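Please open the model in your viewer and keep the sequence panel beside it. The tour moves from selection to selection, and at each stop it says what to look for.

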Amino acid sequence: MRFSCIIAAAGSGSRAGEGPPKQWRLLGGRPVLRWSAEALAAAGTERLVVTAPPGEEARAREALAGLADCRVVTGGATRADSVQAGLAALADEPPEVVLIHDAARPFVTAAHVHALLAALETGADGAVPTLAVADTLKRGSAQGGLETVPRDGLHRVQTPQAFRYAELVSAYAAWTGDQPPTDDAGPIEAAGGRVAPVPGDPMLMKLTYPEDFTMAEALASQARITRVGMGFDAHRFGPGDGVWLCGVYIPHDQGLVGHSDADAGLHALTDALLGAVGEGDIGQHFPPTDPQWRGVSSDRFVQHAMTLVRAAGGRLVNVDVTLICERPKIGPHREALRARLAEILEIPVGRVSVKATTTEAMGFTGRREGLAAQAVAAVETPL
């Protein structure tokens with residue numbers, strides 16, 4: 001079933017304690033908002049709309065950098081206003097199904113999404129994840145004490161929530177309640193629609209108070225795995241006055257012959273990144289027989305690979321590139337190579353390693369017929 005998603009991220013998060021609004025706070029090294037955005041992208045959303053507080057749209061775009069088909073719109077005074085702004089942003093190409101999710105619930109997964117979509121296929125107008133209330137409930141009495149409230153039949157409702165787009169738009173337009181609805185199932189229920197419950201998940205916790213972030217950090221460390229990719233490339237020397245290595249031009253009495261600009265360092269790194277997320281190799285994405293890639297700067301290949309890493313919900317941890325050659329000497333250029341790689345990858349230079357070695361005059365590199373490169377990339381992805 002094809003679907004689009006809206007992430008409500010326009011709240012102030014005033015109960016979360018000191019610091020920026022909770023959607024911008026770092027969780028496991030990434031903004032809280034990005035966790036949900038990456039998960040929904042990996043689940044297969046066609047379009048993603050994020051509602052941001054007025055004046056913080058640029059901050060939202062920064063948090064979402066690299067994610068495809070993602071649009072930021074200005075939210076409203078209430079959550080319901082923000083959701084309706086998100087629905088309006090999808091009106092040019094209305095989806096069949098829309099999922100609404102709170103940015104403050106970072107641990108959403110593709111399994112949650114697919115369960116909701118399956119519930120809609122049964123004919124329901126909406127689907128929401130729910131959890132039974134386990135604790136005893138009490139209400140403050142008029143005398144200042146407490147009185148027990150029966151918990152039978154009560155449920156805690158989570159997000160994301162899934163609806164048929166047209167029906168949700170109509171239900172919001174028909175809403176006549178004295179107060180804005182507190183979730184998106186409310187308008188559907190008021191319009192007489194049927195909302196199907198699906199099993200909720202304690203991992204869909206909502207970050208509300210400062211102590212929630214402490215628990216979330218512990219969970220974040222267990223919700224990710226590190227995947228490692230390796231790449232190798234080699235090019236022969238030919239006529240020229242310099243070589244491209246790791247995106248830096250190094251003067252030399254020869255050039256390199258090969259695919260694009262023959263940057264063996266970036267080619268090996270591209271394969272390492274692709275390998276870490278199971279996306280094949282550079283030749284599949286940029287065939288050397290295709291003339292459009294002749295002479296192209298190889299940083300384009302690395303950036304493409306990084307787009308696929310982000311689409312898989314991945315975060316690049318570090319890279320390690322080894323250049324194998326007798327000449328040119330790499331040592332004098334090492335820091336420039338590290339800096340350029342950090343720039344291309346958009347990571348701190350401290351997470352980039354560039355090394356050089358020789359083959360002790362053995363083999364094609366030892367005979368100075370060409371050079372080679374190998375690269376390793378560590379990528380952290382959802383389980």
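What follows is a walk through some salt bridges and then a hairpin, in a model that is predicted.

**First stop: a contact between two loops.** A search of the whole structure finds 17 salt bridges, and a suitable place to begin is the one in which the side chains of Arg47 and Asp92 meet, at 3.1 Å from N to O. This pair links distant parts of the chain, 45 residues apart: Arg47 lies in the loop between helix H1 (32-43) and strand E4 (48-52), while Asp92 lies in the loop between helix H3 (79-89) and strand E6 (97-102). If you colour by accessibility, Asp92 should appear as exposed, since its relative accessible area is 55% and the cut-off for that class is over 50%.

**Second stop: a loop and a helix.** Select Glu346 and Arg310 next, whose side chains meet in a salt bridge of 3.4 Å, N to O. Here too the pair links distant parts of the chain, with Glu346 in the loop between helix H11 (334-345) and strand E18 (352-357) and Arg310 in helix H10 (residues 299-311), 36 residues apart. Which of the two partners is buried, and which is exposed? Glu346 counts as exposed, at 61% relative accessibility, whereas Arg310 is buried, with a relative accessible area of 15%.

**Third stop: within helix H11.** Now select Arg338 and Glu335, whose side chains form a salt bridge at 2.9 Å, N to O. Because these residues are three apart in helix H11, Arg338 and Glu335 are separated by about one helical turn. Glu335 is partly exposed, with a relative accessible area of 48%.

Then show Arg79, Asp102, Arg105 and Asp184 together, which are joined into one network by salt bridges that share partners.

**Last stop: the hairpin of E14 and E15.** Select strand E14 (residues 242-245) together with E15, and you will find the two paired in the antiparallel sense over four bridges; within this pairing, Gly242 stands opposite Pro251 in E15. The hairpin has two residues between the strands, and Cys246 takes a positive phi near 55° there.

With side chains displayed along strand E15 (residues 248-251), which residues point to which face? The side chains alternate, so that Val248 and Ile250 point to one face and are buried, under the 20% cut-off, while Tyr249 and Pro251 point to the other face and are not buried.

Notes
Residues are numbered from 1 along each chain as its sequence is written. This is a predicted model: local features need pLDDT of at least 70, side-chain atom pairs count only at pLDDT 80 or more; totals for chains, interfaces and linings use all residues. Side-chain values use heavy atoms; hydrogens and water are left out. A salt bridge is a side-chain nitrogen of Lys or Arg within 4 Å of a carboxyl oxygen of Asp or Glu. Buried means under 20% relative accessible area, exposed over 50%, partly exposed in between (1.4 Å probe, protein chains only). Two strands pair if DSSP finds at least two bridges between them.
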